[in-house]
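Student: I have a structure open and would like to learn how to read its features one by one. Could you walk me through it?

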Amino acid sequence: MDKPLAIFAGRSNLALARAIAEKYGTKLGAVTIKSFSDGELYIKYQQSIRGADVFIVQSTPPPGDNIIELLLLIDAAKRASAHRVTAVIPYFGYARQDRKDQPRVSIASKLFANLLSETGADRVLTMDLHAPQIQGFFDIPLDHLYASSIFVEYLHSNPIEDLVVVAPDVGSLKMARSYSKRLNAGLAFVDKRRPSQNVAEVMNIIGEVEGKNILLIDDLIDTAGTITNAATALKSRGAKKIIASSTHPILSGPAYQRIEDSPIDKFLVTDTVPLKKPSDKIHVLSVAGLFAESIRRIYTDDSISTLFDD
């Protein structure tokens with residue numbers, strides 16, 4: 001290609017950004033990011049990016065400062081005459097606020113999409129959006145990656161007998177069905193009631209789990225109430241070993257303690273969000289290679305969807 005490629009990163013997940021650059025066969029570009037005492041941010045690229053195909057890696061947990069940092073990085077790149085700017089967002093925050101389900105509330109994910117476009121992003125690369133229909137909020141191209149290829153590869157290398165894939169709620173059922181098919185495993189789901197925000201109560205389990213090993217699937221884990229309650233309910237129904245998996249380990253509030261106290265034997269997560277602390281139960285699988293290959297294909301105008309052909 002005649003235009004140069006450069007990969008930069010915000011400060012939200014530098015370990016993953018460095019791993020992506022290394023998998024691509026390069027190093028992160030030089031950029032200065034400073035926070036002033038009043039909280040304002042300062043961004044300056046330390047190398048010329050005129051005419052370059054620029055990829056900016058930034059997850060957004062917590063969303064406030066990390067979103068502003070990403071927008072300033074995009075703005076600075078456009079003002080420095082970058083040829084194209086792609087926002088690489090391994091975890092897309094505010095994806096749970098995707099509709100007006102109550103009077104007088106914001107649709108935050110739509111606002112975030114508008115901000116990215118208005119700031120000058122030409123393209124977005126992200127993974128496992130909590131609500132896939134958010135793709136329709138963007139007026140610029142969006143490439144959506146799936147961590148299932150990472151988890152399924154791991155589970156094929158570490159097979160589990162008598163496996164049943166379980167969705168911890170109805171919203172995860174489509175994803176669980178896909179895993180069930182690819183792993184040739186049984187399928188069940190947990191019917192729960194949520195009395196208030198961030199609080200979940202398990203009610204019923206639909207499907208046969210007694211004497212089975214369990215794979216609990218969800219796209220993101222925040223306070224871990226839903227998935228640990230589901231694990232407890234499954235154990236009470238006679239389930240054997242319980243493996244949980246989630247693409248985005250937000251793990252806020254009491255999440256770590258709930259996981260430690262739960263009957264979950266192993267928790268598979270990816271590195272879209274850095275862990276706040278280590279845990280013997282949590283096993284991290286890297287998505288760096290998948291993002292690096294996707295960046296390569298965007299740069300060369302090749303298909304990304306073929307990465308996920310079965």
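Tutor: We will go through helices, strands, cores and a few single residues. Keep in mind that this is a predicted model.

Student: Let's begin with a helix. Which residues of H1 are buried, and which are exposed?

Tutor: The general idea comes first: an α-helix has 3.6 residues a turn, so residues three or four places apart point the same way. Now the case here. Helix H1 covers residues 14–24, and its buried residues are Leu16, Ala17, Ile20, Ala21 and Tyr24. These buried residues span an arc of only 135° around the axis, which puts them on the same side of H1. Ala15, Arg18, Glu22 and Lys23 are exposed on the other side of H1.

Student: What covers the buried residues of H1?

Tutor: The cover includes E1, E4 and H8. Look also at what comes just after H1: glycine 25 has a positive phi of about 100°.

Student: How do I check the length of a helix, say H2?

Tutor: Compare an expected span with the distance between the end C-alpha atoms. Helix H2 has 17 residues (63–79), and the expected span, at 1.5 Å a residue, is 24 Å because the count used is one less than the number of residues. The end C-alpha atoms of H2 are 24 Å apart, so the two values agree.

Student: Which residues of H2 are buried, and what do they pack against?

Tutor: The buried residues are Asn66, Ile67, Glu69, Leu70, Leu71, Leu73, Ile74, Ala76 and Ala77. They pack against strands E1 (5–9), E2 (31–35), E3 (41–45), E4 (53–57) and E5 (84–89), and against helix H3 (108–119). After H2 comes serine 81, with a positive phi near 70°.

Student: Now strands. In which sense do E2 and E3 pair, parallel or antiparallel?

Tutor: For any pair, look at the direction, the bridges and the connection. E2 and E3 pair in the antiparallel sense over five bridges. One bridge joins lysine 34 to tyrosine 42 in E3. The two strands form a hairpin with five residues between them, and glycine 39 in the turn has a positive phi of about 100°.

Student: And what about E5 and E6?

Tutor: Those two pair in the parallel sense over four bridges, with valine 88 bridged to leucine 125 in E6. Together, E5, H3 and E6 make a right-handed β-α-β unit. On its other pairing, E6 joins strand E7 (residues 142–145), again in the parallel sense over four bridges. There, valine 124 stands opposite leucine 142 in E7. Strand E6 (residues 123–127) is mostly covered, with four of its five residues buried.

Student: How do I read a nonpolar core, and how many residues does the largest one have?

Tutor: In soluble globular proteins, nonpolar side chains tend to be buried together. Here the largest nonpolar core has 40 residues, and those with the most contacts inside it are Ile20, Val165, Tyr179, Leu183, Leu215, Phe291 and Ile295. Helix H8 (residues 288–299) gives the largest share of this core, seven residues. A second, separate core has 34 residues, including Tyr45, Phe112, Leu129 and Ile140.

Student: What does Tyr179 touch?

Tutor: Beyond residues up to four places away in sequence, Tyr179 touches Ala147, Ser148, Phe151, Val152, Val165, Leu215 and Ile217.

Student: Let me try H8 at the level of one residue. Is leucine 290 buried or exposed?

Tutor: Leucine 290, in helix H8, has 12% relative accessibility, so it counts as buried. Leaving aside neighbours within four places in sequence, its contacts are Met127, Leu145, Tyr146, Ser149, Ile150, Leu307 and Phe308.

Student: Why does aspartate 218 count as buried?

Tutor: Compare the value with the cut-off: buried means under 20% relative accessible area. Aspartate 218 is at 9%, so it counts as buried. This residue is found in strand E11 (residues 213–221). Leaving aside neighbours within four places in sequence, aspartate 218 contacts Pro168, Asp169, Ser172, Met175, Ser245, Ser246 and Thr247.

Student: Where does aspartate 128 lie, and what is it in contact with?

Tutor: Aspartate 128 lies in the loop between E6 and E7, and it is buried, with a relative accessible area of 8%. Leaving aside neighbours within four places in sequence, aspartate 128 contacts His144, Leu145, Tyr146, Ala147, Asp219, Thr247 and His248.

How values were computed
Residues are numbered from 1 along each chain as its sequence is written. This is a predicted model: local features need pLDDT of at least 70, side-chain atom pairs count only at pLDDT 80 or more; totals for chains, interfaces and linings use all residues. Side-chain values use heavy atoms; hydrogens and water are left out. A nonpolar core is a set of buried Ala, Val, Leu, Ile, Met, Phe, Trp, Tyr and Cys residues joined through side-chain atoms within 4.5 Å. Buried means under 20% relative accessible area, exposed over 50%, partly exposed in between (1.4 Å probe, protein chains only). Contact means heavy atoms within 4.5 Å. Two strands pair if DSSP finds at least two bridges between them. A crossover is right-handed if, with the strands pointing away from the viewer, the path from the first strand over the helix to the second runs clockwise. The arc is that of the directions from the helix axis to the C-beta atoms.
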